[in-house]
Amino acid sequence: MTEGRGFQLGTVGALTLSVVSSVSIVICNKALMSSLGFHFGCASFFPRPHSKWELGTLSTTLTSWHLLVTFCSLHVALKMKLFEHKPFDQRAVVGFGVLNGISIGLLNLSLGFNSVGFYQMTKLAIIPCTVFLETVFLAKRFSRSIQLSLAVLLFGVGVATVTDLQLNALGSILSALAVLTTCVAQIMTNTIQKTFKVSSTQLLYQSCPYQSMTLFITGPFLDKLLTTENVFAFNYTTLVLVFIVLSCMISVSVNFSTFLVIGKTSPITYQVLGHLKTCLVLAFGYILLHDPFNWRNILGIFIALVGMVLYSYRSSQESKQKLPDTSDRMVTNAAQFFQSKGDEADPLLKLEAGAKMSSSGGPLWQ
């Protein structure tokens, strides 16, 4: 009972940390890009761009710096013995790290080659794609009530964020690849932690160098393609550097909480949380930055919140229903284990079995 309650508190803490850090980095990056003209941020930390100008400013270089700072911070934490280094399958680590980097790059390319509305539709497609992949390849089952709550959530977010839908062949292909790689990467985040019995911190520490390297190599080329500017030729004033350092510091918490949430819950729950962040960013943008806001945004956010509440309630109910079955299996397995150990360890039982065979006419020794 105490362990279950501790797990729930840990999950709530991870979700809260993810929301607070993500909203904070969006506000920081928006000031960095919109006010200071730094055109080399990341689409993942900018949930709702408003114009084609903002589309051109969202690239990958800053993300590579985020991941590099995250790795350095975790390395310091390792030296301070705040967590234990646990090496495991190196091929899985390299493949996972490179795939994560590719998915971020593809999301940014998708944003650069599509309209704002189509990019938002791309993000909405991640949940159905994840459900499909987990159902087909991991034999995971989602109840009707969970599917319904996710449909309500996606409809609400769509109403709040999707405006224009302009299709083109290259943009559609990039979006499809972005959705697929993002889903696989998030599923791997969860399965690797469970398969190799590693914590979110251990997985993040080992995969960060490969993610950062992938984006650091490809970032300048993608930036040049999307912004027609050279990241290394930018005029780095003191204020710009302050905001970049602040963004990198917040990103440590963002990256850590992302792996923590997916490891403790599931990729679907992480995506639901991501849409909650989008709603909060819309609200904070209207209150703090006076972004445009209309009845569609309000209605969409309300519908999305209803979907989130339904999803949270049904997930909680289904988890409680699974607990008794799990407890019964654990008790049964434990009883069988100790019984087998007792059979092996107690020579009197063997002697009794031999006596019965002897009295029944069978051989005493075999």
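How many helices and how many strands are there in the protein chain? The count is 13 helices and 0 strands. Read from the N terminus on, the elements run α-α-α-α-α-α-α-α-α-α-α-α-α.

What you have in front of you is a predicted model, so I will start with confidence. The mean pLDDT of the protein chain is 80, and 77% of the residues reach 70 or more. Which elements sit at the two ends of that scale? Helix H2, residues 52-56, has the lowest mean pLDDT of the elements, at 38. Helix H6, residues 126-137, has the highest, at 95.

There are two stretches to mark on your copy. Over residues 43-58, pLDDT stays under 50, and the model has 60 contacts there beyond four places in sequence. Over residues 337-366, pLDDT again stays under 50, and here the model has 10 contacts beyond four places in sequence. Where pLDDT is low, the predicted coordinates should not be read in detail. I will leave both stretches there.

Now the chain as a whole. Of its 366 residues, 46% are buried. The accessible surface comes to about 19100 Å², and carbon and sulfur atoms account for 69% of that surface. If we take contacts between residues at least 6 apart in sequence, 82% of them join residues at least 24 apart.

Next, the interior. The largest nonpolar core has 19 residues. Which of them touch the most other members? They are Ile127, Leu150, Leu153, Ile268 and Val272. The elements giving two or more residues to this core are H6, helix H7 (144-161), helix H11 (267-288) and helix H12 (295-345). H7 supplies the largest share, with 6 residues. Apart from this core lies another one, of 17 residues. Its members include Phe88, Ile104, Ile192 and Leu204.

Let me go back to the 19-residue core and pick out one residue, Leu153. Leu153 lies in helix H7. Is Leu153 buried or exposed? Leu153 counts as buried because its relative accessible area is 0%. What is Leu153 in contact with, once neighbours within four places in sequence are left aside? The list is Ile127, Val272, His275, Ala304, Gly307 and Met308. Two of those names, Ile127 and Val272, were also among the core members that touch the most others. One distance to go with this: Leu153 and Val309 are 156 residues apart in sequence, yet their C-alpha atoms are 9.2 Å apart in space.

Last, two residues in loops, Lys81 and Ala139. Where is Lys81 found? Lys81 is in the loop between helix H3 (61-79) and helix H4 (90-113). The phi of Lys81 is near 60°, a positive value in a residue other than glycine. Lys81 has a relative accessible area of 72%, so it counts as exposed.

Ala139 lies in the loop between H6 and H7. Ala139 is not a glycine either, and its phi is positive, at about 55°. Why is Ala139 classed as exposed? Ala139 is classed that way because its relative accessible area is 55%, and the cut-off for exposed is over 50%.

To close, three things to keep in view as you turn the model. The chain has 13 helices and 0 strands. Its largest nonpolar core takes 6 residues from H7. And pLDDT stays under 50 over residues 43-58 and over residues 337-366.

Key:
Residues are numbered from 1 along each chain as its sequence is written. This is a predicted model: local features need pLDDT of at least 70, side-chain atom pairs count only at pLDDT 80 or more; totals for chains, interfaces and linings use all residues. Side-chain values use heavy atoms; hydrogens and water are left out. pLDDT is the predictor's confidence in each residue, from 0 to 100. Helices (H or I, at least four residues) and strands (E, at least two) are DSSP runs, numbered from the N terminus. Contact means heavy atoms within 4.5 Å. A nonpolar core is a set of buried Ala, Val, Leu, Ile, Met, Phe, Trp, Tyr and Cys residues joined through side-chain atoms within 4.5 Å. Buried means under 20% relative accessible area, exposed over 50%, partly exposed in between (1.4 Å probe, protein chains only). Accessible areas come from the Shrake-Rupley method with a 1.4 Å probe; for residues, only the protein chains shown count as cover.
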